[in-house]
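Here are some short exercises to work through with the model open beside you. Try each task before reading its solution.

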Amino acid sequence: MLEKAFAKGMALTLTVAVAFIQAGAQSSAKLTIHSDRPVSKVSPTLYGLMTEEINYSYDGGLYAEMVRNRTVESDWSGILHWILLENGSAQAKIGVDKGTGPSKALDHSLRIDVVKANAENQAGVLNDGYWGMAVRPETTYKGSFWAKADGAEVGPVTVALVNNQTGKAEAKATVTGVGTEWKQFAFTLKTGAVEASAQNHLELTVGHTGTLWLSLVSLFPPTYRDRPGGFRVDLMEKLAAMHPQFLRFPGGNYLEGDHIAERYEWKKTIGPLVDRPTHRSPWGYRSTDGMGLLEFLEWCEDLKMNPVLAVYAGYSMAQEHVTPGADLEPYVQDALEEIEYVTGGADTKWGAVRVKDGHPARFKLTYVEIGNEDQFDHSGSYDGRYAQFYKAIKAKYPELELIATTPVKSVRPDVIDDHYYVRAQEFFRDQTHYDKADRTGPKIFVGEWATREGAPTPNFGAALGDAAWMTGLERNSDLIVMASYAPLLTNVNPGGLQWDTDLIGYDALRSYGSPSYYAQVLFASYLGSETPASKLEGVGPEGAVPKFFYSVTRDAAKKKLYVKLVNASTTAQALEIDLPGAKLAADGKLVMLHAHSTQATNTIEHPTQVVPVESALHGVGAKMEHTLPGLSVEVMVLDEM
Ligand code: AHR
């Protein structure tokens with residue numbers, strides 16, 4: 001309820017008087033803010049998203065497809081997630097047919113040989129989904145499959161969403177017309193007054209003997225903004241609440257692949273699904289590539305994010321690299337064509353392909369990242385590879401800002417992408433990291449960062465580390481143009497997680513934000529446009545790692561001052577806030593994220609144990625006294641008069 005209220009921007013109002021120092025608080029510290037003396041600009045694109053196919057982020061996550069292994073991959077154990085169904089006296093067998101499929105890309109299929117069946121005793125297959133399938137009341141599901149049969153008699157095909165526990169069909173449809181040539185069929189499943197549950201599966205059965213081949217079986221619930229083949233509504237709403245300004249995609253390691261042959265090949269992820277071959281990803285499962293290049297761009301469009309397009313730069317993680325020069329040229333060309341697909345008009349070759357794929361409008365592109373974490377390429381080839389991409393892209397697209405994944409010498413990158421995965425203690429120590437950094441060199445993109453404490457999602461201790469780190473990002477956002485937490489998403493089911501500590505967790509039906517998620521929502525909701533001069537005195541014992549952090553920003557257009565305070569100590573901290581010369585409305589707002597232990601967290605079963613609480617702040621003025629409880633993150637929102 002509280003989470004809902006927060007997400008909808010409804011304040012849970014408590015009243016807090018600022019002139020109150022809590023008993024037992026650490027001795028008072030003093031924060032002086034000269035709100036009329038801006039010292040630096042805040043990057044308007046500071047906070048954004050980084051994602052890749054990891055932890056079932058897209059398949060089994062954001063990409064709302066309910067059918068798992070829709071293209072019928074198999075291993076030694078059989079056909080993954082597809083099970084033979086023999087109802088009553090029906091008899092059948094199933095297998096993968098490598099000799100026929102609906103397209104060149106999907107050259108195999110699921111073959112069902114029905115030896116005995118009738119209308120009451122049907123045979124076929126079931127799909128168990130991504131740890132179940134979410135079924136909700138009064139909801140319409142849109143499905144399709146490709147099929148052919150050895151004769152017209154085998155049809156019609158009955159499709160049903162069936163409850164795992166009761167065996168009851170919650171929605172049913174019949175598809176007729178399956179013939180001897182591959183063809184796509186569409187169907188709709190509509191539920192009635194059923195109970196919402198994730199414990200469901202999909203059945204496809206026939207009531208006649210014969211052979212049926214299936215491929216690309218698909219089922220989607222209603223999606224965000226009703227995009228066909230689109231995104232999960234609950235996850236998109238959670239992402240929207242983060243006010244993300246950009247999306248870095250498609251990786252991460254997912255861009256590189258373990259081997260060159262397993263890199264993210266954008267051309268194999270566009271166009272009709274039936275022409276996408278799918279590919280092995282480095283995170284241990286196959287990607288459907290339903291989340292292809294155009295889908296990433298549409299995701300940007302839906303949340304008004306700027307794409308930060310990472311192009312494959314000739315290095316894959318098993319220490320495979322492409323030598324700069326002639327060998328690398330096809331990869332450079334591929335990146336140029338990718339940029340043309342994103343930004344080109346209908347009069348360009350790849351712009352025209354995008355138009356044909358259903359998106360006539362060109363996408364705005366500012367940043368292109370060349371590779372990912374190329375410091376791990378032990379051959380040292382990145383300098384040469386980066387320079388080759390840089391020169392070719394700048395020659396055709398001089399307006400683009402090109403990001404290097406590690407420092408290089410032969411050309412000067414526009415931006416460098418720095419990554420940090422640490423414990424809270426390290427972020428407390430290192431939040432001043434960029435305070436003295438060179439302002440004359442490339443800009444900084446903190447393209448991956450996270451306090452790694454808590455699994456599958458970060459706990460409150462991690463949120464404190466993250467909040468401390470974000471104060472440093474904001475203070476230095478004249479230099480840091482963008483920053484994104486990683487990984488963003490995880491399916492919390494056993495086997496769903498490849499990387500501990502991910503911002504947002506979900507199963508087929510539900511999702512929740514971690515304490516770190518809410519810390520980010522707070523920071524991004526009150527970003528500001530400039531950093532005024534400020535000074536903090538008297539915090540913490542001399543020589544100790546400080547556990548108190550702050551950032552002050554001002555929104556010049558909205559005439560608001562945002563004071564972000566982080567008390568990572570377990571003891572309350574008294575604070576005198578001086579705003580010399582400031583004329584402020586007496587009433588402001590305080591938003592607080594607080595827990596009693598660093599181990600406090602949210603889970604799929606208990607999603608709102610740590611959520612922000614809003615309260616009214618009275619007695620605001622040029623001199624205030626305020627006490628932060630131990631283990632708290634606060635944002636004071638003050639109105640200038
Ligand atoms: O975020 C998980 C992984 O961490 C990313 O794929 C990679 O870039 C980094 O090493």
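**Exercise 1. The ligand and its shell**

Task: Find which oxygen or nitrogen partners the ligand has among the side chains, beginning with Glu448.

Solution. This is a predicted model, so treat every distance as computed from it.

- Step 1. Start at Glu448: one of its polar side-chain atoms sits 2.7 Å from an oxygen atom of the ligand.
- Step 2. Move on to Tyr421, where a polar side-chain atom is also 2.7 Å from a ligand oxygen atom.
- Step 3. At Asn372, the distance from a polar side-chain atom to an oxygen atom of the ligand is 3.0 Å.
- Step 4. Consider the cover: the ligand alone exposes 280 Å², and the protein buries 94% of that.
- Step 5. Now widen the view to the residues around the ligand, which include Glu52, Trp283, Glu373 and Trp499. By class, the shell holds 4 nonpolar, 3 polar and 3 charged residues.

**Exercise 2. A cis bond beside the ligand**

Task: Locate Gly252 and describe the peptide bond that leads into it from Gly251.

Solution.

- Step 1. Gly252 belongs to the loop between β16 (246-249) and α3.
- Step 2. The bond from Gly251 to Gly252 is cis, with omega near 15°.
- Step 3. Gly252 is also one of the residues around the ligand.
- Step 4. For another cis bond, go to Ala455 and Pro456, where omega is about 0°. Pro456 is in the loop between β25 (443-451) and α9 (460-475).
- Step 5. As background, most peptide bonds are trans.

**Exercise 3. Two helices that cross**

Task: Work out how α5 and α7 cross, and which residues make the contact.

Solution.

- Step 1. Find α5 at residues 329-343 and α7 at residues 382-396; their axes come within 10 Å and cross at roughly 35°.
- Step 2. The handedness of this crossing is right-handed.
- Step 3. From α5, the contributors include Val332, Leu336 and Ile339, and α7 brings residues including Phe389, Ala392 and Ile393.
- Step 4. Sorted by class, the α5 and α7 contact has 8 nonpolar, 1 polar and 3 charged residues.

**Exercise 4. The partners of Asp258**

Task: Place Asp258 and find what its side chain meets.

Solution.

- Step 1. Asp258 is in the loop between α3 (253-256) and β17 (279-280).
- Step 2. Setting aside neighbours within four places in sequence, Asp258 contacts Arg280, Pro282, Ser316, Met317 and Ala318.
- Step 3. With Arg280, there is a polar contact between the two side chains, at 3.2 Å.

Notes
Residues are numbered from 1 along each chain as its sequence is written. This is a predicted model: local features need pLDDT of at least 70, side-chain atom pairs count only at pLDDT 80 or more; totals for chains, interfaces and linings use all residues. Side-chain values use heavy atoms; hydrogens and water are left out. A residue is near a molecule or strand if one of its heavy atoms lies within 4 Å of it. A polar contact is a pair of N or O atoms within 3.5 Å; within protein, one must be able to donate a hydrogen and the other to accept it, and residues adjacent in sequence count only if both atoms are side-chain atoms. Accessible areas come from the Shrake-Rupley method with a 1.4 Å probe; for residues, only the protein chains shown count as cover. Ala, Val, Leu, Ile, Met, Phe, Trp, Tyr, Cys and Pro count as nonpolar, Asp, Glu, Lys and Arg as charged, and the others, Gly among them, as polar. Axes are lines fitted to C-alpha atoms, for helices over the stretch in contact, and angles run from 0 to 180 degrees between N-to-C directions. Helices (H or I, at least four residues) and strands (E, at least two) are DSSP runs, numbered from the N terminus. A crossing is left-handed if the near helix is turned anticlockwise from the far one by less than a right angle, and right-handed if clockwise. Contact means heavy atoms within 4.5 Å.
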